[in-house]
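I opened this notebook to keep track of what I looked up, beginning with pockets and then turning to aromatic rings.

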Amino acid sequence: TMAKKIVKVLKMELPGGEAHPGPKLASAGVQMAKFCTEFNAKTSDRKGEVVPVIITAYEDKSYAFEIKTSPVSGLLLKAAGIQKGSGNPKKIVGHISDADLTKIAEYKMPDLNANDVLAAKKIVAGSARQMGIAIDK
């Protein structure tokens, strides 16, 4: 069989379990209602999170999509229960536990350039610090 011809590859960030048809998806030329139904079903456990997705649209109007892990910043905000970070390490606007840090690090492992959870925790802790989120020991 011949490989399908790719028309477009789109990287988008959509709300977990709550994507709906719109101009962004229309521009990809995919069947929006069908895509949203499938995406929402696969991400229903991630409501309240921003879910990165890569959509590949083919010439025959079919498509494929790959769901990625949520951005670290969004996970940190959710864990700290705050809307936005301070963007200043000296201005603490939220707190997370070491357990929260470990959970986020383990979840992000596939997308982080880290060999083990300890290394992943350091990367996530660095992001938390930049956002003004303190890690309680």
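**Entry 1, the second largest pocket.** I looked up which residues line the second largest pocket in this predicted model, and the list runs through G48, E49, V50, S70, P71, G74, L75, L77, K78, G81, I82 and Q83. The space inside this pocket comes to about 180 Å³. When I sorted the lining by class, I noted five nonpolar, five polar and two charged residues. Helix α3 gives the most to this lining, with four residues.

**Entry 2, the largest pocket.** I then turned to the largest pocket, for which I noted a volume of about 230 Å³. Its lining is made up of R46, E49, L75, K78, A79, D100, K103, I104 and Y107. The elements that give two or more residues to this lining are α3, spanning 72–80, and α4, spanning 98–108. Of these, α4 supplies the largest share, namely four residues. By class I wrote down four nonpolar and five charged residues, with no polar residue in the lining of the largest pocket. Going back over the two lists, I found E49, L75 and K78 named in the lining of the largest pocket and again in that of the second largest pocket.

**Entry 3, aromatic pairs.** How many aromatic pairs does a search of the whole structure find? I noted five. One of them joins F35 and Y63, whose ring centres are 6.0 Å apart and whose planes stand at 75°, an edge-to-face arrangement. This pair links distant parts of the chain, since F35 belongs to helix α2 (residues 32–42) and Y63 to strand β3 (residues 63–67), 28 residues apart. I also checked burial, and both F35 and Y63 are buried.

**Entry 4, a further partner of F35.** Why is the pair of F35 and F65 edge-to-face? The ring centres lie 5.0 Å apart and the planes meet at 80°, which is over the 60 degrees required, so I entered the pair as edge-to-face. Because F35 lies in helix α2 and F65 in strand β3, this pair ties together parts of the chain that are 30 residues apart in sequence. For F35 I wrote down a relative accessible area of 0%, and for F65 one of 15%; each is under 20%, so each residue counts as buried. Looking at the ring pairs together, I found that they link F35, F39, Y63 and F65 into a cluster.

**Entry 5, a charge over a ring.** Last, I looked up Y58, and found K4 lying over the face of its ring, at 5.1 Å from the ring centre.

Technical notes. Residues are numbered from 1 along each chain as its sequence is written. This is a predicted model: local features need pLDDT of at least 70, side-chain atom pairs count only at pLDDT 80 or more; totals for chains, interfaces and linings use all residues. Side-chain values use heavy atoms; hydrogens and water are left out. On a 1 Å grid over the protein atoms alone, a cavity is a set of points where a 1.4 Å probe fits but cannot get out, and a pocket is an open set with protein on both sides within 12 Å along at least five of seven lines; lining residues have an atom within 4 Å of a point. Grid points are joined across faces, edges and corners, and a volume is the space filled by probe spheres set on the points. Ala, Val, Leu, Ile, Met, Phe, Trp, Tyr, Cys and Pro count as nonpolar, Asp, Glu, Lys and Arg as charged, and the others, Gly among them, as polar. Rings of Phe, Tyr and Trp (its six-membered ring) pair if their centres lie within 6.5 Å; planes under 30 degrees apart count as stacked, over 60 as edge-to-face and the rest as tilted. Buried means under 20% relative accessible area, exposed over 50%, partly exposed in between (1.4 Å probe, protein chains only). A charge sits over a ring if NZ of Lys or CZ of Arg is within 6 Å of the ring centre and within 35 degrees of the ring normal.
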